[in-house]
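Reader: Hi! I'm new to this and would love some help looking at a structure. Could you walk me through it?

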Amino acid sequence: MNFMTRRQLYGVIAVMCAAAMGYALYAQYVLELEPCPLCIFQRIGVIAVGSLALLAAIFNPQRLAAKLWSLLIAVAAVAGGSVSAWQVYLQHLPPEQVPACGPGLDFMLETLPMTQVLEKVFKGSGECAQIDWTFLGQSMPFWVGAFLLLTLLLALYNGWRQAR
């Protein structure tokens, strides 16, 4: 990757996130795979990583600033990846241990305080444990987590490498 400037690699991360979100929307609207609350939070993580990478590409930070931008991107990737890991955990629970299905995210946002919404969402529900799509034997949350791990590694590499 030393053939790219820092700006270019931040741009690549941003484009990767835009492509991932494009596929998420394709899966939702064309494949008719309705996202669960945890899926929505994973999307927020991907959008945060992509937005921060785009801003870093625009501002083209150097030295210490590049490290700080990379850490910001890494924090967003860890947050989204943690949600992915939790959902993969829920998907592998025995059926009798899966939490009961709850109300939809829209309803919870309209009727509950944000602290209760976050508490309910991160506990997960039956719909979050359901596997509707796989690729190479792995569910979408697994692949989102792998994607966010890749963006985390690229961002950290980009912040700490010698600038070209």
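Reader: Which helices each supply at least two residues of the lining of the largest pocket?
Author: Those are α1, α2 (37-59), α3 (63-91), α4 (105-111), α6 (126-129) and α7 (140-160). Helices here are DSSP runs (H or I, at least four residues), numbered from the N terminus. A pocket is an open set of points on a 1 Å grid over the protein atoms alone, where a 1.4 Å probe fits, with protein on both sides within 12 Å along at least five of seven lines; lining residues have an atom within 4 Å of a point.

Reader: Cool, and which helix gives the most?
Author: α1, with 8 residues. The lining has 35 residues, and P35, C36, C39, R43 and M140 lie nearest the pocket's centre.

Reader: Before I go on, where do these values come from?
Author: From a predicted model: local features need pLDDT of at least 70, side-chain atom pairs count only at pLDDT 80 or more, and totals for chains, interfaces and linings use all residues. Residues are numbered from 1 along each chain as its sequence is written, and side-chain values use heavy atoms, leaving out hydrogens and water.

Reader: Back to C39: why is there no bond from its sulfur to the one in C36?
Author: Because the two sulfurs are 3.3 Å apart, too far for a bond. A disulfide needs a pair of cysteine sulfur atoms within 2.5 Å, and the count comes to 0 disulfides.

Reader: Is C36 buried or exposed?
Author: C36 is buried, at 6% relative accessible area, while C39 is partly exposed at 22%. Buried means under 20%, exposed over 50%, partly exposed in between (1.4 Å probe, protein chains only).
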